[in-house]
Amino acid sequence: MRHEIQLVGQGGQGIRLAGAILARAFGIYDKKNIVETHLYGAAARGGLSESELVISDEEIYYVKVQNPDVLIVLSQRAYDDFSEPVKNSGVILADDFYVKNFKGDDKRLTLYPLTRIALDTTGSLIAVNVVSLGLISALYSVINVESMRKAIRDLIREKHLSKNLEAFEEGYKLGDNR
Amino acid sequence: MGQRKLISGNHAIAEAAIRAGCRFFAGYPITPSSEIAERLAELLPQYDGIFIQMEDEIASMGAIIGASLTGKKALTATSGPGFSLKQENLGFAIMGEIPVVIVNVQRGGPSTGLPTFPGQQDLMQVRWGRHGDQEIIALVPDSIQESYEFTIKAFNLAEQYRTPVILLTDEVISQMKEQIEIPDDVEIIDREFPSVPPEEYYPFDGSKGLVPPLAPYGEGYRYHITGLAHDKTGFPSSNPKVVREQLERKLNKIRKNRDEIVDVEEFLLEDAEYAIFALGSMARVAKQVTLDLREEGIPIGLLRPLTLWPFCDKELINYAKKLKHIFVVEMNFGQIVGEVERYAGKYTKVDWYGRADGRLIPPREIKDFIKERIHEN
Amino acid sequence: MKTELAKKYLRLEKLPTLWCSGCGHGLILSSLLRALYLLNIEKDKVAMVSGIGCSGRTPGYVDVHTLHTTHGRAIPFATGIKLMKPEFYVLAVMGDGDCAAIGGNHFIHAARRNIDITAIVYNNGIYGMTGGQVSPTTPYGAYASTAPYGQLEEPFDIVELALGAGATFVARSSIDEIPKLDRLIADGIKHKGFSVIDVITICPITFGRRNKLGEDPMMNLRWVQDITVPMKKAKDMSKEELKGKWITGIFRDEDKPNLIDLYLELNKKLKHSMVDESSKEGVEDVRRQDET
């Protein structure tokens, strides 16, 4: 099965790091085939930031996402520009602080207080990335939560690790409670 | 089983270079290739190697040629605009027969174009961008595994044929991350040392073979290299016979060894009636298209050049004789299709689909195009 | 000494040179050979790199590792050689167009990074080989095939350029003071760091003829005498008097860490602290991306 996950937000929301954590969890710990690509360049700071993953048991030929199964949007522009191709059966998880305007009745969309949880648990906005990862780990059965924890330990600096793991668990609870 | 690694294409190239024995890198920052330089700035000093960021692309090309003459393997990396600037000294390396490897991570052009988006618009500038007649070797990976393996192969070919080799990748392949298997054993080819004493050594003497050995500096072999037309000793000559013989040898060392150099991937071609011809990141898209069309019952395959130059003319003709239709798909407005038509056009129908807007062409578009053309015929 | 020197360093079978009679380049070449001889340098430890033009033909006559590169690029090629062969004496032989026009960028950056290369500039103020076009050091008002009404631009002062860019040994001399030139070139070769010797020379055929000096080398040499002023004498001259003159002498001779030594030191240090090549590939750059 081919799965497509896409994360979009602003520079400074840790989008690229979140993509790298997902890639590592799937690629190294779950031994799936993955391809991680991202919008590249100056846009990564302040402007639009994006990371996308294709995950499969088979060989991956087309490396870009076409119709994401999961889209995380952490800014209004991210929702405006990236929500359309998401599968009808897919989910769009949006941050309720930054994403306010929606196109009609979008059944794929659910809002979550991701930024608020990041601030409450770590005092830092950037942790919104791990909160989001916690959330999709709970909601999306393809993701192995243990692998995610391991990948976070690998990729986040010692100094920030405990706070970030805490934020991840808070995000996980958010999805688990539903 | 080798070590499994999750790595970007650019980093794979840097690490493979070290593995191949590269101990010198000179470069100039350019998107989307800079990560190769950044990684080698870190790695080379740990391996007794030298990294230097030069003042421009031209200087980087000159510096790697100088470094190679000392007997060490040398690399530079750039993108289209930088490659344009390197052409001058690349021509010198071809004339002087000095082994070096140049990575070109293609982005959208012309001019500054699309620095952070992919393109396949340098296929012809790699082949014909310099003045004068010459053969060039260019390898095109379509994955990170191949980026690693082809980097090593590029160094091997450079040393074996005493010539510059180009590794032609693109923004997609170089920036994305996927898993690779670092092979435990790799074949490393080193430069041949002259078998004759210094007083009998001539750097361009073709009498014992098409590829005369290149003596490293500092070993008692003092010779001359110039960009001017020269005789076997390396000194300038404008004698028409000498000029022709030398140039023919330089061309023939690639042409006559083309079977050793040229490699293609034949993907589901065995029973195919149709084929896509695509390379690099577009070949990956084409593989998806091939599988999808097969599911719909269309007997199609993919012919993918792993060596862009020299061109896979023989292999192509071989399939063209059996196929009803070849579809060339490329991320530009028509470059390699000219070569395909030149060789396959006599035997079968050749159609083209492509564009250059900084995006991979999605499989659906290509599928629709191919189905429409098959239907029309 | 003469024949001994010639036998030791020249490729005698390549003589005579292609330079025109009356050309000053042969004088510089012989100075260069005497400098190598004075320093008793082993031929296998010398690389001589040149660009394009009359000066570019120099290496062809010298029995060392010789490389005749593209126009203006002698220094980049020399840089690659020197970095991989730190024990080599690497000489970059350039014309004024090579050094200050098409290769100007390489020249100033080699000075800035203080790489241990000796740059010898054959400065005749003209593009001789291509038929006498203006160069970046053609004097204001002089005639050239591309300045038929006189040069309208001011020339580059190669010494000032080198000093400003950070070269650690900078000198100027001319073909009119040969014993001194031998010594200056030897000093430059000995110097650890980027050294520049700007040598004022003549091109009777393409410069002299157009500028009322004729083809007579003596007339042209007298012109060199006229436009060069030793540093000592220049001290007592006014700005007005020094206009259009080239001051000769050693302008800088400074001990400063050079790139090769710094690099070798780094290599030694790193050899003992190899970074772990774990599977955590790409971790660092992701962090860098997101933390600032």
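Colleague: Why is B:E97 called buried?

Modeller: B:E97 has a relative accessible area of 0%. Buried means under 20%, exposed over 50%, and partly exposed in between, with a 1.4 Å probe and protein chains only, so 0% puts B:E97 in the buried class. This is a predicted model, where local features need pLDDT of at least 70, side-chain atom pairs need 80 or more, and totals for chains, interfaces and linings use all residues. Residues count from 1 along each chain as its sequence is written, chains are lettered from A and ligands numbered from 1 in written order, and side-chain values use heavy atoms, without hydrogens or water.

Colleague: What makes the backbone of B:E97 worth flagging, and where does the residue sit?

Modeller: Its phi is near 55 degrees, a positive value in a residue other than glycine. B:E97 is in the loop between helix 4 (80-96) and strand 5 of chain B. Helices (H or I, at least four residues) and strands (E, at least two) are DSSP runs, numbered from the N terminus.

Colleague: And B:S111, is that one buried or exposed?

Modeller: Exposed, because its relative accessibility is 63%. B:S111 also has a positive phi, about 55 degrees, although it is not a glycine. Its place is the loop between strand 5 and strand 6 (114-118) of chain B.

Colleague: Why is B:H230 called buried?

Modeller: Its relative accessibility is 2%, so B:H230 makes the cut. It sits in the loop between strand 10 (224-226) and helix 8 (240-255) of chain B. Leaving out residues up to four places away in sequence, B:H230 touches several residues, including B:M95, B:F204 and B:K250; contact means heavy atoms within 4.5 Å.

Colleague: How do you know that the side chains of B:H230 and B:K250 make a polar contact?

Modeller: The distance is 2.8 Å. A polar contact is an N or O pair within 3.5 Å; within protein, one atom must be able to donate a hydrogen and the other to accept it, and sequence-adjacent residues count only if both atoms are side-chain atoms. The side chain of B:H230 also has a polar atom 2.8 Å from the backbone oxygen of B:L228.

Colleague: What makes helix 2 of chain B largely enclosed?

Modeller: 7 of its 10 residues (34-43) are buried, so the rest of the structure largely encloses it. Among them are B:I36, B:L40 and B:L43. The buried residues pack against elements of chain B including helix 1 (9-20), strand 2 (22-27) and helix 7 (171-175). In the loop between strand 2 and helix 2 lies B:P32.

Colleague: How do you know that the bond from B:T31 to B:P32 is cis?

Modeller: Omega is near 0 degrees there. Chain C has a cis bond too, joining C:L15 and C:P16, with omega about 0 degrees.

Colleague: Why is A:K100 called exposed?

Modeller: A:K100 has a relative accessible area of 52%, so it counts as exposed. Its loop runs between strand 5 (91-95) and strand 6 (109-112) of chain A. A polar atom of the A:K100 side chain lies 3.4 Å from the backbone oxygen of A:D96.

Colleague: How do you know that chain A agrees with a compact globule?

Modeller: Chain A has a radius of gyration of 15 Å, and a compact globule of 178 residues would be near 16 Å, so the two agree. The radius is taken over C-alpha atoms, and the globule rule is 2.2 Å times the number of residues to the power 0.38. In chain A, 60% of the 178 residues count as buried.
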